[in-house]
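Reader: Hello! I'd like a close look at a single part of this structure, please. Could you take me through how the helices pack, and what they pack on?

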Amino acid sequence: MSKITVSTLNKMKAEKNKITALTAYDASFAKLFHDNGVEVILVGDSLGMVLQGGDDTLGVTNQDIAYHTRCVRAGSRELFVIADMPFMTYSSPNDTCKNAAELMRAGANMVKLEGGEWLFESIEALTQQGIPVCGHLGLTPQSVHVFGGFKVQGRAEEQALKIIADAKALEAAGAQLLVLECIPSALAKRVTDALTIPTIGIGAGNTTDGQILVMHDLVGISAGFIPKFSKNFLLETGNMPEAVKKYCTDVKSGAFPSAEHEFK
Ligand code: KIV
Ligand code: NA
């Protein structure tokens, strides 16, 4: 697979060629995923749950993400790697730039921040200084205690309009990619149509420009809760490379996610 860049991702949106993404936290899985068709790797702060066993992502530090980004990057020079900025590491533009720089030096190609319009200045500062940004709207897990649980977001029209306005603000600030998590599929389509940058969905239906899953969910080994939007691809394929390939072909064809994995 040739090297993926932000230009590739834009081209893929334009050509309606779905972007395949998975989380990974180490070199071996990152390489396996890349070798079997995954185009984007996210070093997600989901590692606070699936690696560290936490109830949420709030305990993850910038050092944790930098460490795992280094591990993932060691898997291949060719990977397009997004590194999550952890809880409270981007509360001011200065902190944001300092912490994002550490993740870029660890091998990231882009950093991801959770939140809307309030991030405008930070995203502008990051992109001006050469750090590409991925936004994240809908169910933003670092705000789980504000939401009162891991709940679908954007069901009320007022909330939906806020998400669309936030998405436009992120794009205007310079964000080059946007993750949409756990929102109704119809809203994900409205957001995707309103933007020129690509959207990557998780629990957001199959009209986004790409899909992402937490790797542990893809193979059905998440400790605890398995979300409605995920699918165990290991069950029907029997081995890891085939499970990854099947995920990628199903994302490309639009077969995954199907109606049973989406929120109305
Ligand atoms: O941390 C993570 O794995 C994520 C994805 C679920 C998008 O943010
Ligand atoms: Na995350």
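Author: Happy to; what follows goes from the sheet to the helices that pack on it, and then from helix to helix.

Please keep in mind that this is a predicted model. The sheet is a good place to begin. Eight strands close into a barrel in the order β1-β2-β3-β4-β5-β6-β7-β8, with parallel pairing. On average, neighbouring strands of this sheet are turned by 25° against each other, direction ignored. Where strand β1 (residues 19-23) meets strand β8 (residues 210-213), four bridges join the two, and they run parallel. One pairing to look up there is that of Leu22, whose bridge partner in β8 is Leu213.

Now to the helices on this sheet. Helix α8, residues 157-173, packs on the sheet and touches β5 (133-138) and β6 (177-181). The direction of α8 makes about 175° with that of β5. Helix α9, residues 185-194, also packs on the sheet, where it touches β6 and β7 (199-202). The direction of α9 makes about 170° with that of β7. Strand β6 is thus touched by α8 and by α9.

How do these two helices meet? Two packed helices are described by the angle between their axes and the distance between the axes. For α8 and α9, the axes come within 10 Å and cross at roughly 25°. Angles under 35 degrees count as roughly parallel, so α8 is roughly parallel to α9. In this crossing, α8 passes α9 in a right-handed sense. On the α8 side the contact is made by Ala160, Ile163, Ile164, Ala167 and Lys168, and on the α9 side by Leu187, Arg190, Val191 and Ala194. Sorted by class, that contact holds seven nonpolar residues, two charged ones and no polar ones.

Helix α8 has another partner in α6 (residues 120-128): the two pack at an angle of about 30°, with their axes 8 Å apart. That angle makes α6 roughly parallel to α8. The crossing of α6 and α8 is right-handed. Here Phe120, Ile123 and Glu124 of α6 meet Ala169, Leu170 and Ala173 of α8. This contact divides into five nonpolar residues, one charged and no polar.

From α6 you can step on to helix α5, residues 93-105. Helices α5 and α6 pack at an angle of about 40°, and their axes are 9 Å apart. The two are therefore oblique to each other. Again the word for the crossing is right-handed, as α5 passes α6. The residues that meet are Pro93, Thr96, Cys97 and Ala100 in α5 and Glu121, Ser122, Ala125 and Leu126 in α6. By class, there are five nonpolar, two polar and one charged residues in the contact of α5 with α6.

Since you work with ligands and backbone geometry, here are a few extra places to visit. Ligand 1 is surrounded by residues that include Val179, Glu181 and Ile202; of the strands described above, β6 covers residues 177-181 and β7 covers 199-202. The full shell around ligand 1 has five nonpolar, three polar and three charged residues. As for the backbone, most residues other than glycine have a negative phi, and most peptide bonds are trans. Lys16 has a positive phi of about 55° although it is not a glycine, and Lys16 lies in the loop between α1 (6-14) and β1. The peptide bond from Phe256 to Pro257 is cis, with omega near 0°, and Pro257 is placed in the segment after α12 (240-253).

Note on methods: Residues are numbered from 1 along each chain as its sequence is written. Chains are lettered from A and ligands numbered from 1 in the order in which they are written. This is a predicted model: local features need pLDDT of at least 70, side-chain atom pairs count only at pLDDT 80 or more; totals for chains, interfaces and linings use all residues. Two strands pair if DSSP finds at least two bridges between them. Axes are lines fitted to C-alpha atoms, for helices over the stretch in contact, and angles run from 0 to 180 degrees between N-to-C directions. Two residues are in contact if their C-beta atoms, placed from the backbone, lie within 7 Å. Angles under 35 degrees count as roughly parallel, over 145 as roughly antiparallel, 65 to 115 as roughly perpendicular and the rest as oblique. A crossing is left-handed if the near helix is turned anticlockwise from the far one by less than a right angle, and right-handed if clockwise. Ala, Val, Leu, Ile, Met, Phe, Trp, Tyr, Cys and Pro count as nonpolar, Asp, Glu, Lys and Arg as charged, and the others, Gly among them, as polar. A residue is near a molecule or strand if its C-beta atom, placed from the backbone, lies within 6 Å of it.
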